[in-house]
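Reader: I'm new to reading protein structures. Could you walk me through one, feature by feature?

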Amino acid sequence: MYSIGEIVLYGSNGVCEITEITTKKIGKDSIEYYVLKPVCSDSSTLFVPTQNEMLVSRMRVVLSSDEIKDILSQKTDNEIWIDNKAERCEKIKEIISGGDCMKLVELIRRMHFHSKLQLKKGRRLHITDERFLKEAEKMVCDEVSVVLHIDRNDVLPLVLAG
């Protein structure tokens with residue numbers, strides 16, 4: 001159970017604050033919700049039913065600054081790339097939906113490395129890969145900037161330094 005005021009990562013919506021826990025009557029049923037307000041954007045308020053295990057499982061408390069620093073200091077084997085587009089998309093979706101910061105950082109590093117290789121060949125990342133990359137970057141950059149109290153624009157260079 002989460003509480004009001006906690007800062008959580010909620011899937012690809014990024015870092016949110018739980019601003020309240022409220023009950024809404026829908027038909028005959030009263031349903032309790034976490035009310036989430038994204039921290040890094042003015043996008044709409046999110047309502048997550050507290051009893052919906054699937055949706056609540058997409059929430060996790062943001063990492064500590066020590067955990068973030070440890071993740072950023074880890075080295076990544078950038079050579080690992082899944083050439084099969086369908087397999088790669090499935091794996092990337094799995095990583096993004098899982099919300100594991102370490103896996104997201106590794107994904108971002110690999111995709112940037114692959115992008116550089118593609119540029120040397122006069123190519124670009126596939127449009128789907130670019131979209132996934134932006135989504136992963138948003139999740140990581142939001143969390144790192146909030147936890148380390150640094151400007152969001154300063155996060156990506158820290159991520160790619162590893």
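Author: Sure, let's begin with pairing: two strands pair if DSSP finds at least two bridges between them. Strands (E, at least two residues) and helices (H or I, at least four) are DSSP runs, numbered from the N terminus. Here four bridges join β3 to strand β4 (residues 46–49), and the two run antiparallel.

Reader: What kind of model is this, and how are things counted?

Author: This is a predicted model, where local features need pLDDT of at least 70, side-chain atom pairs count only at pLDDT 80 or more, and totals for chains, interfaces and linings use all residues. Residues are numbered from 1 along each chain as its sequence is written, and side-chain values use heavy atoms, with hydrogens and water left out.

Reader: What order do the strands of the sheet have?

Author: In general, strands of a sheet pair through backbone hydrogen bonds, either parallel or antiparallel. In this case you get an open sheet of five strands in the order β4-β3-β2-β1-β5, with antiparallel pairing. β4 and β5 (59–61) sit at the edges with a single partner strand each, so one side of each has no neighbour in the sheet. On average, neighbouring strands of this sheet are turned by 45° against each other, ignoring direction; the axes behind such angles are lines fitted to C-alpha atoms, for helices over the stretch in contact, and angles run from 0 to 180 degrees between N-to-C directions.

Reader: How many bridges link β2 and β3?

Author: Strands β2 (residues 15–26) and β3 (residues 29–38) pair antiparallel over 10 bridges. Isoleucine 18 has leucine 36 in β3 as its bridge partner, and threonine 22 stands opposite tyrosine 33. Two residues lie between the strands of this hairpin, where glycine 27 takes a positive phi near 65°. On the other side, strand β1 (residues 7–10) pairs with β2 over three bridges, again antiparallel. The hairpin of β1 and β2 has four residues between its strands, and there glycine 11 has a positive phi near 45°.

Reader: Is valine 35 buried or exposed?

Author: Buried means under 20% relative accessible area, exposed over 50%, and partly exposed in between (1.4 Å probe, protein chains only). Valine 35 has 3% relative accessibility, so the residue counts as buried. Its place is in strand β3, and its bridge partner in β4 is phenylalanine 47. Contact means heavy atoms within 4.5 Å. Leaving out residues up to four places away in sequence, valine 35 touches several residues, including Glu17, Ile18, Leu46 and Phe47.

Reader: How many disulfides are there?

Author: A disulfide is a covalent bond between the sulfur atoms of two cysteines. The rule used here asks for a pair of cysteine sulfur atoms within 2.5 Å, and by that rule the count is zero. Take cysteine 101: the closest cysteine sulfur, in cysteine 141, is 9.8 Å from its own, too far for a bond. Cysteine 101 is buried, at 4% relative accessibility.

Reader: Which residues of helix α2 are buried?

Author: An α-helix has 3.6 residues a turn, so residues three or four places apart point the same way. In α2 (residues 65–73), the buried residues are Ile68, Ile71 and Leu72. They cover an arc of only 95° around the axis, so they lie on the same side of α2; the arc is that of the directions from the helix axis to the C-beta atoms. These buried residues pack against α4 (101–120), α5 (127–148) and α6 (155–160).
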